[in-house]
Amino acid sequence: TLHLTWSALLRICVALGLLYGQLGPSSLASLGTLLLLMPLQTFLVIRSSAAQKKALQHTDERVRTFSEAVAAISTLKCYGWERPALARVMAHRDLELGWLRVRAALSAVNFAMISLNTTLMAAATFSVYALAGGSLDASTTFTSIALFSQLQGPLFLVPQAVNQLVSARVSARRL
C-alpha cells in the first residue's frame with residue numbers, strides 16, 4: 001500500500017503537469033476542485049472511523065456477553081434464562097449492526113465522491129478554459145479527457161490508502 005500511495009501521488013503530479021501543458025493555467029481549476037473536495041472526504045473518513053470504533057466497541061461487548069452466557073450455560077438452562085441472555089446478546093448485536101450500517105453509508109458516500117472527482121475536475125477545468133477564451137477543439141478535449149482518465153486510478157487509491165491507515169490506527173489502538 002505504501003508504494004501504491006507514493007506512486008499514485010507521483011502519477012497525480014505528472015498528470016496535472018501534463019494538463020497544465022495542455023490547457024495552461026486553466027488546469028489549476030482541477031487542482032482547486034480537488035482541494036475543495038478534500039475536506040469533505042476527510043470529514044467522511046473521520047466519521048467512518050468513528051463509526052468503526054463504535055461498532056468495534058459493541059462487538060467487544062457482544063462477545064463478552066456471549067462468552068459469559070456460554071460460561072454459565074448450565075445455570076441459564078437450569079433457571080430458564082436462555083431468552084433474557086439471548087436478548088442481551090442480540091441487543092448488543094443490533095447496536096453493532098447499526099454502527100456498521102452508518103459506516104457503510106459513509107463509505108458509500110465517500111466512494112461516490114471519489115468516483116465524481118475526475119468528472120468535477122474536468123468540468124471545472126473545461127469551464128475555466130472556455131471562459132478564458134480557450135478553444136476546445138477535438139485534440140485538446142480528447143487529450144485532456146485522456147489525462148483526466150489517468151487521474152481516476154490514483155485519485156481512487158489515495159483516499160483508500162488513507163482509509164486503510166485510519167482503520168489500522170483504530171485497530172492498533174484497540175490492542
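The largest share of a nonpolar patch, four residues, comes from helix α2, which covers residues 28-71. The structure described here is a predicted model, and this report follows its helices, its nonpolar groups and its salt bridges in turn.

The patch lies on the surface and is formed by Y20, L28, L31, L35 and M38, which together have about 470 Å² of accessible area. Y20 belongs to helix α1, residues 2-23, and this tyrosine is partly exposed, with a relative accessible area of 42%.

**Helix α2**

Helix α2 holds 44 residues, which at 1.5 Å a residue should span 64 Å, and the 63 Å between its end C-alpha atoms agrees with that expectation. There is nevertheless a kink of about 30° in α2 at M38, shortly before the proline P39, and M38 is also one of the residues of the surface patch.

Two further residues show how the surroundings vary along this helix. I46, which is found in α2, is exposed at a relative accessible area of 55%, whereas S49, which lies in α2 as well, counts as buried at 13% relative accessibility. Distances between C-alpha atoms help to place both residues: I46 and T59 are 13 residues apart along the chain and separated by 20 Å, while S49 and L10 are 39 residues apart in sequence and 27 Å apart in space.

**The nonpolar core**

In soluble globular proteins, nonpolar side chains tend to be buried together. In this model the largest nonpolar core has 16 residues, of which I12, L16, L19, M121, F148, L151 and L155 touch the most other members. Helices α1, α4 (82-131) and α5 (138-174) each supply at least two residues of this core, and the largest share, six residues, comes from α1.

**Helices α4 and α5**

Helix α4 has 50 residues and reaches 71 Å from its first C-alpha to its last, which is close to the 74 Å expected at 1.5 Å a residue. This helix bends by about 40° at L116, and just after α4 the residue G133 takes a positive phi of about 95°.

In helix α5 one finds F142, a phenylalanine that counts as exposed at 59% relative accessibility. The C-alpha atoms of F142 and E82 are separated by 67 Å, and these two residues are 60 residues apart along the chain.

**Salt bridges**

The structure holds four salt bridges, and the table gives three of them, with the N to O distance of each pair.

| Acidic residue | Basic residue | N to O distance |
|---|---|---|
| E61 | R64 | 2.6 Å |
| E96 | R62 | 2.6 Å |
| E82 | K77 | 3.8 Å |

The salt bridge between R64 and E61 lies within one helix: because these residues are three apart in helix α2, they are separated by about one helical turn. R64 counts as partly exposed at 44% relative accessibility, and E61 is likewise partly exposed, at 30%.

The salt bridge between E96 and R62, whose closest N and O atoms are 2.6 Å apart, has a different setting. E96 lies in helix α4 and R62 in helix α2, so the pair ties together parts that are 34 residues apart in sequence. With 5% relative accessibility, E96 counts as buried, while R62, at 21%, counts as partly exposed. Because buried means under 20% relative accessible area, and partly exposed covers the range from there up to the exposed class, the value for R62 places this arginine in the partly exposed class. Both residues also belong to a network of salt bridges that links R62, R93 and E96.

For the pair of E82 and K77, whose side chains meet at 3.8 Å, N to O, the accessibility values fall in two classes. E82 counts as partly exposed at 33% relative accessibility, whereas K77 is exposed, with a relative accessible area of 54%.

Note on methods:
Residues numbered from 1 in each chain as written. Predicted model: local features only at pLDDT ≥ 70, side-chain atom pairs only at ≥ 80, totals over all residues. Heavy atoms only, no water. Patch = residues over 30% accessible without salt bridge, like charges linked within 9 Å, V, L, I, M, F, W, Y side chains within 5 Å. Areas by Shrake-Rupley, 256 points an atom, 1.4 Å probe, with all protein chains shown as cover. Buried < 20%, exposed > 50% of the residue type's maximum accessible area, 1.4 Å probe, protein only. Expected span 1.5 Å × (residues − 1). Bend = angle between axes of the 7 residues up to and from the residue. Core = buried A, V, L, I, M, F, W, Y, C linked by side-chain atoms within 4.5 Å.
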